[in-house]
Amino acid sequence: MAEIIRNYFTPGWRADRISCVCGWEGDSSKMQMELHEEVTDYACPACENTLLIVSHPDMDQVRQAAADGNVEAQQQLALVEEALALHRKADH
Ligand SMILES: [Zn+2]
């Protein structure tokens with residue numbers, strides 16, 4: 001069974017060691033990453049079994065995490081707000 005991370009900003013999932021049924025064990029940096037529109041899958045590098053499914057954050061989650069002091073969320077929020085500001089300028 002894959003572990004599902006519903007909030008990207010949940011601390012720790014990146015470094016958590018996960019054991020696969022095939023005997024492989026490791027953290028997300030050792031897994032095979034596959035990007036989809038809504039989620040990113042992480043699969044076992046030995047048998048390609050999906051071990052981790054991480055939902056991409058929506059803007060509310062980014063804002064909340066940024067407000068909670070998450071540095072990565074604050075950087076993402078700054079990028080988004082910069083893009084929005086450029087967009088507004090282009091409109092006028
Ligand atoms: Zn495996």
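This passage walks through the domains, the sheet, the core and two individual residues of a predicted model.

The chain splits into two parts: domain 1 covers residues 1–56, and domain 2 takes in residues 57–92. Going by C-alpha atoms, the centres of the two domains sit 26 Å apart. The contact between them involves 4 residues from domain 1 and 5 residues from domain 2. On the domain 1 side, the residues that touch domain 2 come out as 2 nonpolar and 2 polar, with no charged ones.

Next comes the sheet. Its 4 strands make an open arrangement in the order β1-β6-β5-β4, and the pairing is mixed. The edge positions go to β1 (3–5) and β4 (32–35); each has a single partner strand, so one side of each lacks a neighbour in the sheet. On average, neighbouring strands here are turned by 20° against each other, ignoring direction.

Going through the pairs one at a time shows where the mixed pairing comes in. Strands β1 and β6 run parallel and are joined by 3 bridges. Within the β6 partnership, Glu3 has Leu52 opposite it. Strands β5 and β6, by contrast, pair in the antiparallel sense, with 5 bridges between them. Here Asp41 has Ile53 of β6 as its bridge partner. At the other edge, β4 is linked to β5 (residues 39–43) by 4 bridges, and this pair is antiparallel as well. Two of the partnerships with β5 can be named: Met33 is matched with Tyr42, while Leu35 is matched with Thr40.

Both antiparallel pairs are hairpins. The one made by β4 and β5 has 3 residues between its strands, and the one made by β5 and β6 has 6. The β5–β6 loop is where Glu48 is found, and this residue is worth a second look. Its phi is positive, at about 65°, even though Glu48 is not a glycine. For background, most residues other than glycine have a negative phi. As for its surroundings, Glu48 counts as partly exposed because 13 C-beta neighbours fall inside 10 Å; a residue would need 20 or more to be called buried, and 12 or fewer to be called exposed.

The largest nonpolar core has 8 residues in all: Ile5, Tyr8, Met31, Tyr42, Cys44, Leu51, Leu52 and Val54. Strand β6 (residues 50–55) is the biggest contributor, giving 3 residues to this core. Tyr42 ties several of these threads together, as a core member and as the bridge partner of Met33. Setting aside neighbours within four places in sequence, Tyr42 is in contact with Ser28, Met31, Gln32, Met33, Leu51 and Leu52. Leu52 also turns up more than once: it belongs to the core, and it stands opposite Glu3 in the sheet.

Over in domain 2, which spans residues 57–92, there is helix α2 (residues 71–91), and Leu79 lies in this helix. Leu79 counts as exposed, because 11 C-beta neighbours lie inside 10 Å and the cut-off for exposed is 12 or fewer. Measuring across the chain from C-alpha to C-alpha, Leu79 is 19 Å from Asn7 in space, with 72 residues separating the pair in sequence.

Technical notes: Residues are numbered from 1 along each chain as its sequence is written. This is a predicted model: local features need pLDDT of at least 70, side-chain atom pairs count only at pLDDT 80 or more; totals for chains, interfaces and linings use all residues. Domain bounds come from an automatic or database domain assignment. Two residues are in contact if their C-beta atoms, placed from the backbone, lie within 7 Å. Ala, Val, Leu, Ile, Met, Phe, Trp, Tyr, Cys and Pro count as nonpolar, Asp, Glu, Lys and Arg as charged, and the others, Gly among them, as polar. Two strands pair if DSSP finds at least two bridges between them. Axes are lines fitted to C-alpha atoms, for helices over the stretch in contact, and angles run from 0 to 180 degrees between N-to-C directions. A nonpolar core is a set of buried Ala, Val, Leu, Ile, Met, Phe, Trp, Tyr and Cys residues joined through C-beta atoms within 7 Å.
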